[in-house]
Amino acid sequence: MNTAKHETTAKHETTAKHETTATHSTPVDTPLPLVLAGARGHGRWHLENIRRLADKGIVRLAGICELTPLGADEIPDGLGTPEQSADFGALLDSTGAAIAVICTPIPTHTDLALTAAERGVHVLLEKPPAPSYAEFRRMADGVAAAGTVCQIGFQSLGSHAVPAIRKMVAEGLIGEVTGIGGAGAWARAEAYYRRAPWAGKRRLNGVDVIDGVLTNPLAHAVATGLALADAGRAEDVAGIETELLRANDIESDDTSCVRVTTADGGRITVAVTLCAEHPGEPYNVVHGTSGRITYWYKQDRVLVQRAGHGPEEIEYGRTDLLENLVDHLVDGTDLLVPPDVTGAFMKVVEAIRTAPDPVALPTEAWHHLPEEDRRIVDGIDSLVTAAADTLALYSELGAPWALPDAPAKEVST
């Protein structure tokens with residue numbers, strides 16, 4: 001496959017080289033003070049990213065909010081000795097933070113974001129932004145009323161591939177779009193659901209959590225599919241169908257699919273599992289009447305296949321969402337993932353929240369892999385692929401365990 005610098009989406013005759021990740025950041029006289037809420041687990045990734053931006057002189061880690069303070073060995077070199085406290089509001093006040101990165105359990109997102117907004121502190125909020133549409137609206141409306149900004153942490157939406165694919169579609173590169181698929185076949189050990197009290201829960205102590213495969217670990221497959229369809233806002237959704245299932249002994253779903261019908265009649269079907277036979281990279285695929293575009297969103301890698309042309313592979317760069325938030329605050333650069341462009345995703349979360357509890361797969365549908373201490377749903381890899389290819393739900397593909405006694409839940413919006 002030939003390699004050439006990607007210059008335009010008007011002609012795609014060869015494979016394009018990797019665009020370097022955007023390094024634009026408006027110089028700041030003084031690094032912006034930042035507080036990180038939730039520094040363990042996925043928060044460790046944020047610590048490393050904050051160190052990268054601190055090295056560029058863009059931000060300064062002023063505080064860490066954790067129930068148990070981090071030890072010196074848990075704080076990356078170069079970040080100094082930030083103030084630590086379990087009281088988020090007090091920490092924002094004492095540090096004079098300009099930005100808060102919130103990477104805490106899902107049910108805490110709205111209240112913490114509003115605590116920051118009330119103090120004039122801007123927010124990078126991890127996905128999913130909230131466990132219900134009502135909580136999402138309370139967060140988004142409260143942030144807007146406070147005059148602060150919020151960036152939602154769907155990192156794949158910072159990829160340069162997303163606008164590039166939308167441009168290809170607009171130019172008719174693959175003909176008329178017939179639908180968008182999404183596939184995610186991942187694996188998680190049973191210990192994954194013991195890592196925190198809220199893991200794998202739909203509700204905890206009467207509070208919504210909705211920690212399922214579609215709403216948390218593979219939420220990007222849903223959000224990216226909606227973005228590729230340019231259907232990210234709540235009003236872009238006309239209907240939602242879900243099939244929620246589980247092989248693990250949990251409340252929430254680990255093997256599920258969803259089909260979104262958009263206001264303009266488009267279809268987006270995403271099928272995912274945490275019980276894969278052979279785990280692989282998740283992807284979205286845009287189907288057209290004369291071709292298809294596949295996007296491996298964790299790798300920023302795109303494959304264009306169209307009638308009369310050879311396959312073309314393009315690797316894109318990505319703009320970091322925290323860096324983009326800083327640029328927005330300093331020079332007005334457009335925010336990449338404001339709350340409103342995740343409204344459609346939150347409609348999906350709401351459909352899952354209000355759907356019947358996930359159906360437990362029969363024991364003959366899965367087996368335990370002792371060496372990895374995880375459950376595998378037999379045949380799930382091919383079903384996930386087929387759903388993304390055909391835009392069909394598991395039950396429509398003939399999966400014998402897919403809600404045999406009840407139709408898919410449909411939510412009109």
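**Group meeting: salt bridges, cores and aromatic pairs in a predicted model**

The secondary structure of this protein comes to 9 helices and 22 strands. Before going further: what you see above is a predicted model.

Overall dimensions next. The C-alpha atoms fill a box of roughly 60 × 50 × 45 Å along the principal axes. The radius of gyration is 21 Å, and a compact globule with 413 residues would have one near 22 Å, so the value agrees with a compact globule. Of the 413 residues, 57% count as buried. The exposed surface is about 16,600 Å², and carbon and sulfur atoms supply 50% of it. As for contacts, take those between residues at least 6 apart in sequence: 70% of them join residues at least 24 apart.

Now the interior. In soluble globular proteins, nonpolar side chains tend to be buried together. Here the largest nonpolar core has 99 residues. Which residues have the most contacts inside it? They are F88, M139, L322 and F345. A second, separate core has 24 residues, and A271, L303, A365 and L383 are among them.

I will stay with F345 for a moment. Setting aside neighbours within four places in sequence, F345 is in contact with a list of residues that includes P128, P129, F154, L214 and L226. Also on that list are T215, A219, V222, A223 and G232.

One of those contacts, F154, brings us to the aromatic pairs. The whole structure has 5 of them. In the pair of F154 and F345, the ring centres are 4.9 Å apart and the planes stand at 75°, so the pair is edge-to-face. F154 lies in the loop between β8 (150-152) and α5 (161-170), while F345 is in helix α8, so the pair ties together parts that are 191 residues apart in sequence. Both F154 and F345 are buried.

Another aromatic pair is Y394 with W401, also edge-to-face, at 5.6 Å centre to centre and with 70° between the planes. Are these two residues buried or exposed? Y394 is buried, at a relative accessible area of 0%. W401 is buried too, at 7%.

On to charged side chains. How many salt bridges does a search of the whole structure find? It finds 25. I will go through three of them and one network.

The first on my list is R138 with D111, at 2.8 Å from N to O. R138 lies in helix α4 (residues 133-146) and D111 in helix α3 (residues 109-118), so this salt bridge ties together parts that are 27 residues apart in sequence. Neither partner is buried: R138 is partly exposed, with a relative accessible area of 37%, and D111 is partly exposed, with 45%.

Next is R353 with D208, where the closest N and O atoms are 3.2 Å apart. Why does this pair tie together parts that are 145 residues apart in sequence? Because R353 lies in helix α8 (residues 343-354), whereas D208 lies in strand β11 (residues 207-208). D208 is buried, with a relative accessible area of 16%, and the cut-off for buried is under 20%. Helix α8 has now come up twice, with F345 in the aromatic pair and R353 in this salt bridge.

Then R259 with E396, whose side chains meet at 2.8 Å, N to O. This pair links distant parts of the chain, 137 residues apart: R259 sits in strand β13 (residues 255-262), and E396 in the loop between α9 (380-390) and β22 (409-412). The two ends have unlike surroundings. R259 counts as buried, at 9% relative accessibility, whereas E396 is partly exposed, with a relative accessible area of 47%.

Finally, the network. Salt bridges that share partners join R52, K56, D320 and E323 into one network.

One residue to close on, E48. E48 is found in helix α1 (residues 43-55). At 37% relative accessibility, E48 counts as partly exposed. The C-alpha atoms of E48 and L79 are separated by 9.4 Å, and the two residues are 31 residues apart along the chain.

To recap: two separate nonpolar cores, one of 99 residues and one of 24, along with 25 salt bridges and 5 aromatic pairs, in a protein with 9 helices and 22 strands.

Definitions and conventions
Residues are numbered from 1 along each chain as its sequence is written. This is a predicted model: local features need pLDDT of at least 70, side-chain atom pairs count only at pLDDT 80 or more; totals for chains, interfaces and linings use all residues. Side-chain values use heavy atoms; hydrogens and water are left out. A salt bridge is a side-chain nitrogen of Lys or Arg within 4 Å of a carboxyl oxygen of Asp or Glu. Helices (H or I, at least four residues) and strands (E, at least two) are DSSP runs, numbered from the N terminus. Buried means under 20% relative accessible area, exposed over 50%, partly exposed in between (1.4 Å probe, protein chains only). A nonpolar core is a set of buried Ala, Val, Leu, Ile, Met, Phe, Trp, Tyr and Cys residues joined through side-chain atoms within 4.5 Å. Contact means heavy atoms within 4.5 Å. The radius of gyration is taken over C-alpha atoms; the globule rule is 2.2 Å times the number of residues to the power 0.38. Accessible areas come from the Shrake-Rupley method with a 1.4 Å probe; for residues, only the protein chains shown count as cover. Rings of Phe, Tyr and Trp (its six-membered ring) pair if their centres lie within 6.5 Å; planes under 30 degrees apart count as stacked, over 60 as edge-to-face and the rest as tilted.
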